[in-house]
Amino acid sequence: MTVTDRTAPVRKAPRGYLTVGSTVAIPLRRASVFAGAGLFVLLLAAGVATLAWGRLGIDLADLPAALVGDAEGKDRFVFNRLRGPRLTVAIGVGAALGLSGALFQSVTRNPLGSPDVIGLSAGAGAGAAFCALMFPDTVPVPVGALIGAILAMALVYVSTGTGFRNPARLVIAGIGVAAMGAAVTQYVVYALERDKASVLTAYVNGSLTARSWTDATTVWLVLAAAAPLAALISRRLDIGEMGDDIAEGLGSEPKKAKTLAVLLAIALSAAAVSVSGPIAFIALTAPQIARRLTRGSGPHLLLSALTGGLLLVLADLCSQQLPLFDDLPVGIYTMAIGGVYLGCLLVGEWRKGVL
Amino acid sequence: MATTTVAQPSGAGTSRTGAARSAFLLLLGLAALALALCASVVFGSRSTSFGDVLDVLRGTADPTITTIIESRYPRTVLGVLAGVCLAVAGTLMQGVSRNPLAEPGLLGINAGASASIVAATAWFGAAGATDTMWWALPGALIAGVLVHVIGSAGTGASVVRLVLAGAVLTAVLMAFIQAVTLSKPQVFDSYRYWVVGALGGRDFDVFWSVLPFAAVGFLIALALGPGLNALALGDATAVALGSHPGRTRGGGLVAATLLSAAATAAVGPIAFVGLAVPHVVRALAGVDFRAQILFSALMGPTLLLLADVVGRVVMRPTELMVGVVTAFIGAPALLIAVRRMRGTS
């Protein structure tokens, strides 16, 4: 970045930011530090509960040994095959979705600008279903999900005519695209044999059953690549939330940062979808909850990722331990809870007359 | 049309040409419906000709052809019933809420009916169309009321809010439906065949058991015509004209619920017919709701039957269910409408 007067306000980051050079500025207000620490502790507790709870759980006393790979027999099997990968995937997918949602909401300046609302999940489900029916052995289902997600996003982007900016258009276009995706999925579920249909239904609702360390590696690699880039542009996105004109006046380049943010968001949610299927509402709710924790003005990237991880681990804990339904796909829990939360959120926004 | 006659008493000439135009459109609508009816009986996964149909009617066709063509009667009749129900329900909802996006599918009513039917099959052993009909009704009604309550919280209902509220409620109900169906394989099996929305594979019993509900809904809809016309001018004007907006809205909700519950119970949830038909009808028949309801009742079945025929022909020898076809006709229409939306609403 050339040193001119235009860059001066960017370099002089306000108090409460941890700055590295002029580009990285991680918000470090007291509220966010507390919230971050709290979320982290909760995430640890939920993680331990996931590993230790239930008939197959690893005894708390044996847990440290299992974590460093010294466990024997049952514990080794449970940790390496059953719960270890599943927990790691849950945290990774949750964090990826939370971060993706925060980026989307920041760019669109729209609390509803999330991959769920714009039909990404339904598109991913349709892509997965289509591949399962048409190319059952040649194209892996996750690849189908990826293609479906990208197609759905492109369709929404084209049909709004104004990009992702206008909330009303975005939502309605998303509903339209989601309807087409759902129709494809339902047709495939109808056409397949019952057992295959049942497996596919679980996947298109978002499931963490029987995940492997390979799945964990996939999502964590994408997360590791995307997170530093997101941190790099976070400050410029914050400025961008004031509006493009102000951002330009402050010497920021909002368009480049926004494009990068959208690409990162797509990559993150696509990685999540390919590992776990489309899990509903995490990307939408995590940034909202994070924002309320810090009473900040916009989505907080790091806290959103932590919140997303925590939400998904908790939901997956329900899916593994609640006796009500037998190992229901985790996406159904997030759909139910997220739906109710979205309803409350909307009513709240309307009371304030925002939307 | 009502507004012009009220405002311009001297416009007798335009009114006469208007009547001629309406009569012409009515004939056109009837012709289109007749064509769709023929198509629905003639075309299918096994191709037959119009001559074959005449032979069957005369009783001179060979037995195989007779069986094939007679197997298409129930789905044709069901298509007419469901088409009328969905289109008139959409017209009513758009009229009552003055919301161009109001539709049983978008406003959560179909999801309510579905959730209720799934619960009934899972826990109360409901089977058969009459059973499910009785279960579909309360589900549809509760969902409709809930969406209106959520959507009008705060500073009053708006188009986007109602659609959002519908999407939220649909999401929660879908979670419930998936939870039940995935944990009960038997319910999953019947649900996955039902939820795509298909006219095929059902018999006349289904038609007869939902017909009374549909008929009552349709009669209420016809009676609401004048009230809806008054409502279109705004609540204050409607009251001044001696109409009761509250009564019209309540009646509209009841009729729309009856109609969409009947359609959903009979053929499964079918999206977008209720959204698309009223828009076309408004463009053709003008603002008079009495005419709109009538034309919807002609155009809904035409659209649904043609979509069903398309679904039977495109993937021969297998079929694409009508619900899939309407989604792929209706959703692009919605996307085009979004592109044309001005401002934020």
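User: Which backbone oxygen lies 3.2 Å from a polar atom of the side chain of Q94(B)?
Analyst: Keep in mind that this is a predicted model. Q94(B) sits in helix 5 of chain B, residues 72-97. Its contacts beyond four places in sequence include N99(B), P100(B) and G274(B). The oxygen you're after, 3.2 Å from a polar side-chain atom of Q94(B), belongs to A102(B).

User: And which side chain makes a polar contact with the side chain of Q94(B)?
Analyst: Look again at the residues that Q94(B) touches beyond four places in sequence: L275(B), P278(B) and H279(B) are among them. The side-chain partner is also in that list. At 3.1 Å, the polar contact is with R282(B).

User: Is Q94(B) buried or exposed?
Analyst: The cut-off for buried is under 20% relative accessible area. Q94(B) comes in at 4%, so the label is buried.

User: How many residues does each chain put into the contact between chain A and chain B?
Analyst: The area buried between the two chains is about 4,000 Å², and carbon and sulfur atoms give 77% of that. Y190(A), R194(A) and W350(A) supply 18% of what chain A buries against chain B, more than any other three residues. As for the head count, chain A gives 46 residues and chain B gives 47.

User: Which residues form the salt bridge across the interface of chain A and chain B?
Analyst: The rule finds 1 salt bridge across this interface, alongside 3 residue pairs in polar contact. The closest N and O atoms of the salt bridge are 3.5 Å apart. The two residues are R194(A) and D189(B).

User: Which element gives the largest share of the side of chain A that touches chain B?
Analyst: The elements giving two or more residues to that side are helix 6 (141-160), helix 7 (167-191), helix 8 (194-205) and helix 14 (330-352) of chain A. By class, the side has 31 nonpolar, 11 polar and 4 charged residues. The largest share, 16 residues, comes from helix 7 of chain A.

User: What does the side chain of T334(A) reach at 2.9 Å?
Analyst: T334(A) lies in helix 14 of chain A, and at 6% relative accessible area T334(A) is buried. Leaving out neighbours within four places, T334(A) has contacts that include I279(A), A280(A) and F281(A). The 2.9 Å partner is the backbone oxygen of A280(A).

User: How far apart are the C-alpha atoms of T334(A) and N205(A)?
Analyst: Along the chain, these two are 129 residues apart. In space, their C-alpha atoms are separated by 9.7 Å.

User: Which residues have the most contacts inside the largest nonpolar core?
Analyst: That core has 195 residues. Beyond four places in sequence, one of its residues, V93(A), is in contact with V219(A), A272(A), V275(A), S276(A), I279(A) and L312(A). There's also a second, separate core of 7 residues, which includes V56(B), A61(B), I65(B) and I69(B). In the largest core, the ones with the most contacts are V93(A), L103(A) and L92(B).

User: Which parts of chain A does the salt bridge of R86(A) and D316(A) tie together?
Analyst: The side chains meet at 2.8 Å, N to O, and both residues are buried. The pair ties together parts that are 230 residues apart in sequence, because R86(A) and D316(A) lie in two separate helices: helix 4 (residues 73-108) and helix 13 (residues 301-321).

User: Where do R249(B) and D235(B) lie?
Analyst: Their side chains meet in a salt bridge at 3.0 Å, N to O. R249(B) is partly exposed at 31% relative accessible area, and D235(B) is partly exposed at 34%. This pair ties together parts 14 residues apart in sequence, since R249(B) lies in helix 12 (residues 245-267) and D235(B) in helix 11 (residues 235-240) of chain B.

User: In the salt bridge of D288(B) with R290(B), how far apart are the closest N and O atoms?
Analyst: D288(B) is buried, with 8% relative accessible area, whereas R290(B) is partly exposed at 45%. Their closest N and O atoms are 2.9 Å apart.

User: Which residues are linked in a network of salt bridges?
Analyst: Over all chains, the count comes to 10 salt bridges. The network links R75(B), D308(B), R312(B) and E319(B).

Key. Residues are numbered from 1 along each chain as its sequence is written. Chains are lettered from A and ligands numbered from 1 in the order in which they are written. This is a predicted model: local features need pLDDT of at least 70, side-chain atom pairs count only at pLDDT 80 or more; totals for chains, interfaces and linings use all residues. Side-chain values use heavy atoms; hydrogens and water are left out. Contact means heavy atoms within 4.5 Å. Buried area is the accessible area (1.4 Å probe) that two parts lose on being put together, summed over both. A salt bridge is a side-chain nitrogen of Lys or Arg within 4 Å of a carboxyl oxygen of Asp or Glu. A polar contact is a pair of N or O atoms within 3.5 Å; within protein, one must be able to donate a hydrogen and the other to accept it, and residues adjacent in sequence count only if both atoms are side-chain atoms. Helices (H or I, at least four residues) and strands (E, at least two) are DSSP runs, numbered from the N terminus. Ala, Val, Leu, Ile, Met, Phe, Trp, Tyr, Cys and Pro count as nonpolar, Asp, Glu, Lys and Arg as charged, and the others, Gly among them, as polar. A nonpolar core is a set of buried Ala, Val, Leu, Ile, Met, Phe, Trp, Tyr and Cys residues joined through side-chain atoms within 4.5 Å. Buried means under 20% relative accessible area, exposed over 50%, partly exposed in between (1.4 Å probe, protein chains only).
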